[in-house]
Amino acid sequence: MSDRPDIRQGTCPQCGHEEVIEAVQSEFAHGNFGVPMCVTYDERWVLSGQNPQHGHGPLSLYVCRRCGFCQWYARSPETIPISEGHRTRLIKGGQSGAEAEPSQE
Ligand SMILES: [Zn+2]
């Protein structure tokens, strides 16, 4: 456990202020309503690239109302897929040397 306050509980870890704005982030390039901005998206079946309609880990931005300090948090991080197609890679701490290197095929 960290002794710094969790910004999601309404206290700024930077200055200690107790007013924090929570903002759910959307991307607006795909129609009027936008889609949730996520950590990653599933690959398209036909076209290349990723499908903004199938996202994982929707992002919220937390902003201290006094100093402007910002932190991003993703919802349900344990459900975010790790794969080349998702352009995600899992980095595990607590390893050293060659074990920490990404595996090559
Ligand atoms: Zn602050």
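## Exercises on a predicted all-strand chain

Ser76 sits in the segment that follows β6 (70-74). The model is predicted. Work through each task with the structure open.

**Exercise 1. Determine whether Ser76 is buried or exposed, and describe its phi.**

Step 1. Count the neighbours: 10 other C-beta atoms lie within 10 Å of Ser76.
Step 2. Apply the cut-off: a residue with 12 or fewer is exposed. Ser76 is therefore exposed.
Step 3. Read the backbone: phi of Ser76 is near 50°, a positive value in a residue other than glycine.
Step 4. Set this against the general rule: most residues other than glycine have a negative phi.

**Exercise 2. Treat Arg87 likewise: find its place, its phi and its exposure.**

Step 1. Arg87 is also located in the segment after β6.
Step 2. Its phi is positive, about 55°, although Arg87 is not a glycine.
Step 3. Arg87 has 11 C-beta neighbours inside 10 Å, so it counts as exposed.

**Exercise 3. State which elements the protein chain contains, and in what order.**

Step 1. Count by type: there are six strands and zero helices.
Step 2. Read from the N terminus: the order is β-β-β-β-β-β.
Step 3. Add the burial figure: of the 105 residues in the protein chain, 7% are buried.
Step 4. Look at contacts between residues at least 6 apart in sequence: 40% of them join residues at least 24 apart.

**Exercise 4. Describe how β4 and β5 are arranged.**

Step 1. Locate the strands: β4 covers residues 38-43 and β5 covers residues 50-64.
Step 2. Find the sense of pairing: the two strands are antiparallel, with four bridges.
Step 3. Pick out a bridge: Tyr41 is partnered with Gly55 in β5.
Step 4. Inspect the connection: β4 and β5 form a hairpin, with six residues between them.
Step 5. Check the turn: Gly49 has a positive phi of about 95°.

**Exercise 5. Work out the surroundings of Ser26.**

Step 1. Place the residue: Ser26 belongs to strand β2 (residues 26-27).
Step 2. Classify it: 14 other C-beta atoms lie within 10 Å, so Ser26 is partly exposed. The buried class would need 20 or more.
Step 3. List contacts, leaving aside neighbours within four places in sequence: Ser26 touches Gly34, Val35, Pro36 and Met37.
Step 4. Look further along the chain: Leu59 is 33 residues from Ser26, and their C-alpha atoms are 8.4 Å apart.

Note on methods. Residues numbered from 1 in each chain as written. Predicted model: local features only at pLDDT ≥ 70, side-chain atom pairs only at ≥ 80, totals over all residues. Contact = placed C-beta atoms within 7 Å. Pairing = 2+ DSSP bridges.
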